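The following exercises concern the structure shown below. Each task is followed by a solution in steps.

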Amino acid sequence: MARILSLLAKFVLMIGFLAVLSLGLLVGYRWVTTTELFAVQRIDVRGNRVLSDKRIRDVAGLGRSENIFQVNMGRVEHRLSSSGWIDSVLVRRSLPDALLLKVEERQPVFWIKRGDTIYYADAQGEAIAPVRTKTFISLPFLRLSDRGGQPGEQLEILSSRLRNRSLPFTLAQIAWIRFFSGEVVEMHLMDRSLRICVGGSSLRDNLNTLSAVWQDLRDRGELSRTGRILVYGTRGWVKLDSGDTD
């Protein structure tokens, strides 16, 4: 009987201890999640180039004075990832009062038109977000032929060469780029009346030939009066403003 009473007493003490511990944890949790000590005072945004810090904070739905432990990290990541501009995001707490938002934005390479709206587009020609004054970046128009499929690999090759500055002109110098069913790429430069047509088949080799032709024209002092350059099958043809052909 004494042994049973002893076990019962231990059981009651254990229940009492667990109850006190649970109450302490509850009180502690309520204090941690409501105290001003852990109120968000700083929201650091990193990795953004197009979107402003304020725009990213607004999209994330974050504001100062919110308790850092009450911030729903998954919801913040979902909101930011749902933005057309943001490709990936990392959200971290920095105790006692700061949040870190590290974002990776999609890189705009072209403008494209969808209906009556002009959008920024990535290297694959996929729309990112409408062109707005607050995020204005001057880029070449991308026009795709209605016939045939998307240029796919050819577009990625051209985008990569332009971003890496491995062509004799830059993205800023191009007014528009047009793909004809992946067979021909046509470009128009803004700073001169010059059209460039490059065969889509063996595009890498044709772009290398284009660079060689461009350098040859520059060396001969004929680049300024060149009206058209055609590169096809790794061979180049040039039409000068005077009507001469080389």
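Two strands pair if DSSP finds at least two bridges between them. Helices (H or I, at least four residues) and strands (E, at least two) are DSSP runs, numbered from the N terminus. The model is predicted, so local features need pLDDT of at least 70 and side-chain atom pairs count only at pLDDT 80 or more, while totals for chains, interfaces and linings use all residues. Residues are numbered from 1 along each chain as its sequence is written, and side-chain values use heavy atoms, with hydrogens and water left out.

**Exercise 1. Pairing around strand 8**

Determine in which sense strand 8 pairs with strand 7 and how strand 8 runs relative to strand 9.

Solution.
Step 1. Strands of a sheet pair through backbone hydrogen bonds, either parallel or antiparallel.
Step 2. Strand 7 (residues 141-144) pairs with strand 8 (residues 174-180) over four bridges, in the parallel sense. Within this pair, L142 has I177 of strand 8 opposite.
Step 3. Strand 8 and strand 9 (residues 184-189) run antiparallel and are joined by six bridges. Here F180 faces V184 of strand 9 as its opposite residue.

**Exercise 2. The open sheet and its helices**

State the strand order of the open sheet of three strands, and identify which strands stand at the edges.

Solution.
Step 1. The order is 1-3-2, and the pairing is mixed.
Step 2. The edges are held by strand 1 (42-46) and strand 2 (86-94); each has a single partner strand, so one side of each lacks a neighbour in the sheet.
Step 3. On average, neighbouring strands of this sheet are turned by 15° against each other, direction ignored. Axes are lines fitted to C-alpha atoms, for helices over the stretch in contact, and angles run from 0 to 180 degrees between N-to-C directions.
Step 4. Strand 2 runs antiparallel to strand 3 (residues 98-105), with eight bridges joining them. I86 is placed opposite E105 of strand 3.
Step 5. Helix 3 packs on the sheet and touches strand 2 and strand 3, its direction making about 155° with that of strand 2. Helix 2 lies across strand 1 and strand 3 and runs at about 110° to strand 1.

**Exercise 3. The packing of helix 2 and helix 3**

Describe how helix 2 and helix 3 pack, and list the residues that make the contact.

Solution.
Step 1. The axes of helix 2 (residues 53-60) and helix 3 (residues 73-81) are 8 Å apart, at an angle of about 120°.
Step 2. Angles under 35 degrees count as roughly parallel, over 145 as roughly antiparallel, 65 to 115 as roughly perpendicular and the rest as oblique. Helix 2 and helix 3 are therefore oblique to each other.
Step 3. Helix 2 contributes I56, V59 and A60, and helix 3 contributes V76, R79 and L80; contact means heavy atoms within 4.5 Å.
Step 4. By class, five nonpolar, no polar and one charged residues make up this contact. For these classes, Ala, Val, Leu, Ile, Met, Phe, Trp, Tyr, Cys and Pro count as nonpolar, Asp, Glu, Lys and Arg as charged, and the others, Gly among them, as polar.

**Exercise 4. D122 in its loop**

Is D122 buried or exposed, and which side chain does its own side chain join in a polar contact?

Solution.
Step 1. D122 is located in the loop between strand 5 (117-121) and strand 6 (127-130). These strands form a hairpin with five residues between them, and G125 in the turn has a positive phi of about 80°.
Step 2. Strand 5 and strand 6 run antiparallel and are joined by three bridges; Y119 has P130 of strand 6 opposite.
Step 3. Buried means under 20% relative accessible area, exposed over 50%, partly exposed in between (1.4 Å probe, protein chains only). D122 has a relative accessible area of 10% and is therefore buried.
Step 4. The side chains of D122 and R106 are joined by a polar contact of 2.8 Å. A polar contact is a pair of N or O atoms within 3.5 Å; within protein, one must be able to donate a hydrogen and the other to accept it, and residues adjacent in sequence count only if both atoms are side-chain atoms.
Step 5. The D122 side chain also reaches the backbone nitrogen of Q124, at 3.0 Å.

**Exercise 5. Positive phi outside glycine**

Where does R165 lie, and how is T234 classed by relative accessibility?

Solution.
Step 1. R165, a residue other than glycine, has a positive phi near 55°. R165 belongs to the loop between helix 4 (153-163) and strand 8, and its relative accessible area of 64% makes it exposed.
Step 2. T234 is not a glycine either, yet has a positive phi of about 60°. T234 sits in the loop between strand 11 (226-232) and strand 12 (235-240) and, at 40% relative accessibility, is partly exposed.
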